[in-house]
Amino acid sequence: MRANTWLGGDRFEMGEVPDPVPGPDQVVVRVDTVGVCGTDVHITQGLFPSTPPLVLGHEASGEIVEVGKNVSLARIGERVAMDTTSHCGECENCRTWTWSRCENAVKSSGFFAELAVLPSQSAHRIPEGMSLETAALTEPASCCLSGVSRLSIPAGAVAVVIGGGIMGQFTLAFLKSHGVKTAVMSEPVRTRREIARELGADVLHDPAEGDLNDLVNDLTGGRGAHIAAEAVGRPALVAKCAEVVRPRGDVLMIGVCPQGAPLPVDLYDFHYKEIRLQGAFGRGNVFGDTPAAISSLKLDGVISGRYSLDEVPQAITDSASGKGIKFVIKPNG
Ligand SMILES: [Zn+2]
Ligand SMILES: [Zn+2]
C-alpha cells in the first residue's frame, strides 16, 4: 500500500510499504478520510514530542476490508470511525480516569496511508446515512464531548466559547445539546462565526468590535456567564474565560496551551468568585457515542479542503495558516 511517512521536521516521504496484516483481534480498514489536526502541525514544528519515521494522522474513517481470526467476518464492509487506542476496562486508569488513558492500550496504525490496522474494538460502526467525511470528525468531536460531559449545566445557562476552530465549534454544539440556553461564540473570523450560527450559537462576538466582558455583562445583567470554554490554547484567553464567568462559574480548557505556560489570571478574583477550572484532554469514555452525537449537526462548511495522500505536507501547511476549519486527506482518492 501507499503511505506518507513523516521523516522529521517538515519532511515527508511518499512510498510503498507492506500491507498491514491483522492480528487475531484486529481489523484492516481502507481509509476514506483523515483529518489534519493541530497536533500534526505541532509535531512537524517540533512543538509536540514525537519520534520519526512515523505515519501521522489520527482522525479517520473508512471501511473494514479484512478481519483477524477472532473477529466476526460479518464486520467486513462495515463503515467505521477509528479510535486511536483501545482500552482494557480493567486497569487503574480505565477504572479511575478514562478509557483514553488505558495503561494497556493497543495503538492504531497511523492513518496517512491507504490502509490502517487496529483492534476491532477501536473500529466503531457509524450510523446508517452518515457520511464517511463526517465520521472522520469523530476524534476531535469526542474530545469536546468528553469535556462538556464533565460540566453540570444549570437550567437557563449562558455559556461562552472562545475560538471558532473545529474544537470550539463542537464544544458549542455539545453545550447546546447538553442544555445550555444561550451560547455565545467569540471568534474574529466571520466565516467561522457563521458556521457557529449553524451549529446553534445564539450570540456572535467579534473581538475586533468590542470587549467580550461587556457583551456578556449586557447579556446577563452583569452577573457573568455560567460556563466559559477556551478552545484556542492561549493562556490569556483562559484568563479571559475566568473574567467572564459568574461566581462559581466553570472554565473549561479545551484548547492545548503550550507546555510550561503559566495562567495570567488574578488569583484573588479566582478565589473570591470560587471559579472551577476544568481541564479537558482526550476522548474520555465517549468515542463510541460520538458518531451518533454529531450525525444530526449541520457540518457543511466545516471541511475546508480535500487533499490526496501525496499532498499531506501542503495540507499541514494550509492547516497551520488558520484560514479554514478542517483540512482532510483522501488516501484512496
Ligand atoms: Zn486531533
Ligand atoms: Zn485499561
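Let's start with Cys241. In this predicted model, Cys241 is buried, with a relative accessible area of 0%. Is it in a disulfide, or in none? In none. The nearest cysteine sulfur belongs to Cys257, and that sulfur is 9.8 Å away. A pair has to come within 2.5 Å to count, so Cys241 and Cys257 do not qualify. The count for the whole model is 0 disulfides.

So what do other cysteines do here? Look at the zinc ions.

Take ligand 2. Which residues hold this zinc ion? Four cysteines: Cys88, Cys91, Cys94 and Cys102, each through SG. The distances run from 2.3 to 2.4 Å. In sequence, the spacing is C-x2-C-x2-C-x7-C. What is the geometry around the ion? The angles between the 4 donor atoms run from 101 to 119°, which makes the arrangement tetrahedral.

How covered are these donors? Cys94 is buried, at 6% relative accessibility. Cys102 is buried too, at 9%. Cys88 is partly exposed, at 30%.

Now ligand 1. This zinc ion has a mixed set of protein donors: Cys37 through SG, His58 through NE2 and Glu59 through OE. They lie 2.2 to 2.4 Å from the ion. The spacing in sequence is C-x20-H-E. Where do Cys37 and His58 sit? Cys37 is in the loop between β3 (26–35) and α1 (38–44). His58 is in the loop between α1 and β4 (59–67). So the pair ties together parts that are 21 residues apart in sequence. Both of these donors are under cover. Cys37 is buried, with a relative accessible area of 12%. His58 is buried as well, at 17%. Keep in mind that water is not among the atoms, so a site may look incomplete.

Let's step back to the whole chain. The fold has 11 helices and 15 strands. Its radius of gyration is 20 Å, close to the 20 Å that the globule rule gives for 333 residues, so the chain is as compact as a globular protein of that length. Along the principal axes, the C-alpha trace spans about 60 × 40 × 40 Å.

What about the interior? Of the 333 residues, 53% count as buried. Now the contacts. Take those between residues at least 6 apart in sequence: 67% of them join residues at least 24 apart.

Last, the surface. The accessible area comes to about 15300 Å². Carbon and sulfur atoms account for 50% of that.

Key
Residues numbered from 1 in each chain as written. Chains lettered and ligands numbered in written order. Predicted model: local features only at pLDDT ≥ 70, side-chain atom pairs only at ≥ 80, totals over all residues. Heavy atoms only, no water. Buried < 20%, exposed > 50% of the residue type's maximum accessible area, 1.4 Å probe, protein only. Donors = N, O, S within 2.8 Å, 3.2 Å for Na, K, Ca; no water. Tetrahedral: all angles 85-135°; square planar, octahedral: opposite > 155°, others 65-115°. Helix = DSSP H or I, 4+ residues; strand = E, 2+ residues; numbered from the N terminus. Rg over C-alpha atoms; globule rule 2.2 N^0.38 Å. Contact = heavy atoms within 4.5 Å. Areas by Shrake-Rupley, 256 points an atom, 1.4 Å probe, with all protein chains shown as cover.
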